[in-house]
Amino acid sequence: MIARSLVAAAWLLLFSGFASAQDIGGKYRVEGTNFDGSRYTGVAAIKVTSKSTCNIAWDTGSTAKGICMRNGSSFAASYVMGDAIGLVIYRINSDGTLEGLWTVAGED
């Protein structure tokens with residue numbers, strides 16, 4: 001359950017400014033909150049695969065991998081960690097940070 005909590009949390013990736021779809025790739029610091037309210041940190045790596053799509057991997061003590069897509073100021077990622085399948089939808093803020101809402105299949 002803790003592993004699911006780490007991946008399923010609303011992650012905050014800190015960017016160093018706005019990135020276009022083509023240059024969103026790179027490594028980013030991750031901060032967020034688990035289901036139980038505890039905080040975590042880690043790293044996310046984004047690899048661009050086209051003008052609007054990418055692969056993403058998070059390491060927050062547990063590893064999750066998935067695909068992502070950018071459209072204007074929106075950024076979405078789906079991921080798998082073990083048996084958990086999740087989805088995160090981010091808003092790209094004017095300061096370059098991403099704030100997300102998340103879900104995990106089968107969870108409330």
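What share of the contacts in the protein with a separation of 6 or more comes from residues 24 or more positions apart? That share is 34%. Keep in mind that this is a predicted model. The exercises below start with the whole chain and then move in on a few residues.

**Exercise 1. Sketch the overall layout.**

Task: Find how many helices and strands the protein has, and in what order they come.

Solution:
- Step 1. Count the elements: there is one helix, and there are eight strands.
- Step 2. Now read along the sequence, and you get the pattern α-β-β-β-β-β-β-β-β.
- Step 3. Add the surface to your sketch. The accessible surface comes to about 5,900 Å², and 55% of that belongs to carbon and sulfur atoms.
- Step 4. Finish with burial: of the 108 residues, 40% are buried.

**Exercise 2. Follow strand E4 and its partners.**

Task: Work out how E4 pairs with E3 and with E5, and which of its residues sit on the covered face.

Solution:
- Step 1. Take E3 and E4. They run antiparallel and are joined by six bridges, and a hairpin connects them through four residues. Pick out one bridge here: Ile46 has Ile56 in E4 as its partner.
- Step 2. Turn to E5. E4 pairs with E5 in the antiparallel sense too, over seven bridges. The hairpin between these two has three residues in between, and Gly61 in the turn has a positive phi of about 100°. For Cys54, the bridge partner in E5 is Cys68.
- Step 3. Sort the E4 side chains. In a regular strand, side chains alternate between the two faces of the sheet. The covered face of E4 holds Cys54, Ile56 and Trp58, while Thr53, Asn55, Ala57 and Asp59 are on the uncovered one.

**Exercise 3. Classify the aromatic pairs.**

Task: Find how many aromatic pairs the whole structure has, and say what kind each one is.

Solution:
- Step 1. Search the whole structure, and two aromatic pairs turn up.
- Step 2. Look at Trp58 and Tyr79. Their ring centres are 5.5 Å apart and their planes meet at 80°, so this pair is edge-to-face. The cut-off you need is that planes over 60 degrees apart count as edge-to-face.
- Step 3. Place this pair on the chain: Trp58 belongs to strand E4 (residues 53-59) and Tyr79 to strand E6, 21 residues apart, which links distant parts of the chain.
- Step 4. Check burial. Trp58 has 1% relative accessibility, so it counts as buried. Tyr79 also comes out at 1% and counts as buried.
- Step 5. Now do Phe75 and Tyr90. The ring centres are 5.8 Å apart with the planes at 40°, so the pair is tilted. Here, too, distant parts of the chain are linked, with Phe75 in strand E6 and Tyr90 in strand E7 (residues 84-92), 15 residues apart. Both Phe75 and Tyr90 are buried.

**Exercise 4. Put Phe75 in its surroundings.**

Task: Is Phe75 buried or exposed, and which residues does it touch?

Solution:
- Step 1. Locate it: Phe75 is in strand E6 (residues 74-81).
- Step 2. Read the accessibility. Phe75 has a relative accessible area of 0%. Buried means under 20%, so Phe75 is buried.
- Step 3. List the contacts, skipping neighbours within four places in sequence. Among them are Ile46, Cys54, Ile56, Cys68, Arg70 and Tyr90.
- Step 4. Look for the core. In soluble globular proteins, nonpolar side chains tend to be buried together. Here the largest nonpolar core has 21 residues, and Ile46, Ile56, Trp58, Cys68, Phe75, Tyr79 and Tyr90 touch the most other members. Elements giving two or more residues to this core include strand E2 (26-33), strand E3 (39-48) and strand E8 (98-104).

**Exercise 5. Track two polar side chains.**

Task: What do the side chains of Arg70 and Asn93 reach?

Solution:
- Step 1. Start with Arg70, which is in strand E5. Its relative accessibility is 12%, so it counts as buried. The Arg70 side chain reaches the backbone oxygen of Gly72 at 2.9 Å.
- Step 2. Move to Asn93, in the loop between E7 and E8. Asn93 is at 12% relative accessibility and counts as buried. Its side chain makes a polar contact of 2.9 Å with the side chain of Glu99.
- Step 3. Tie Glu99 back to Phe75: their C-alpha atoms are separated by 9.6 Å, with their positions 24 residues apart along the chain.

Notes:
Residues are numbered from 1 along each chain as its sequence is written. This is a predicted model: local features need pLDDT of at least 70, side-chain atom pairs count only at pLDDT 80 or more; totals for chains, interfaces and linings use all residues. Side-chain values use heavy atoms; hydrogens and water are left out. Buried means under 20% relative accessible area, exposed over 50%, partly exposed in between (1.4 Å probe, protein chains only). Contact means heavy atoms within 4.5 Å. Rings of Phe, Tyr and Trp (its six-membered ring) pair if their centres lie within 6.5 Å; planes under 30 degrees apart count as stacked, over 60 as edge-to-face and the rest as tilted. Accessible areas come from the Shrake-Rupley method with a 1.4 Å probe; for residues, only the protein chains shown count as cover. A nonpolar core is a set of buried Ala, Val, Leu, Ile, Met, Phe, Trp, Tyr and Cys residues joined through side-chain atoms within 4.5 Å. A polar contact is a pair of N or O atoms within 3.5 Å; within protein, one must be able to donate a hydrogen and the other to accept it, and residues adjacent in sequence count only if both atoms are side-chain atoms. Two strands pair if DSSP finds at least two bridges between them.
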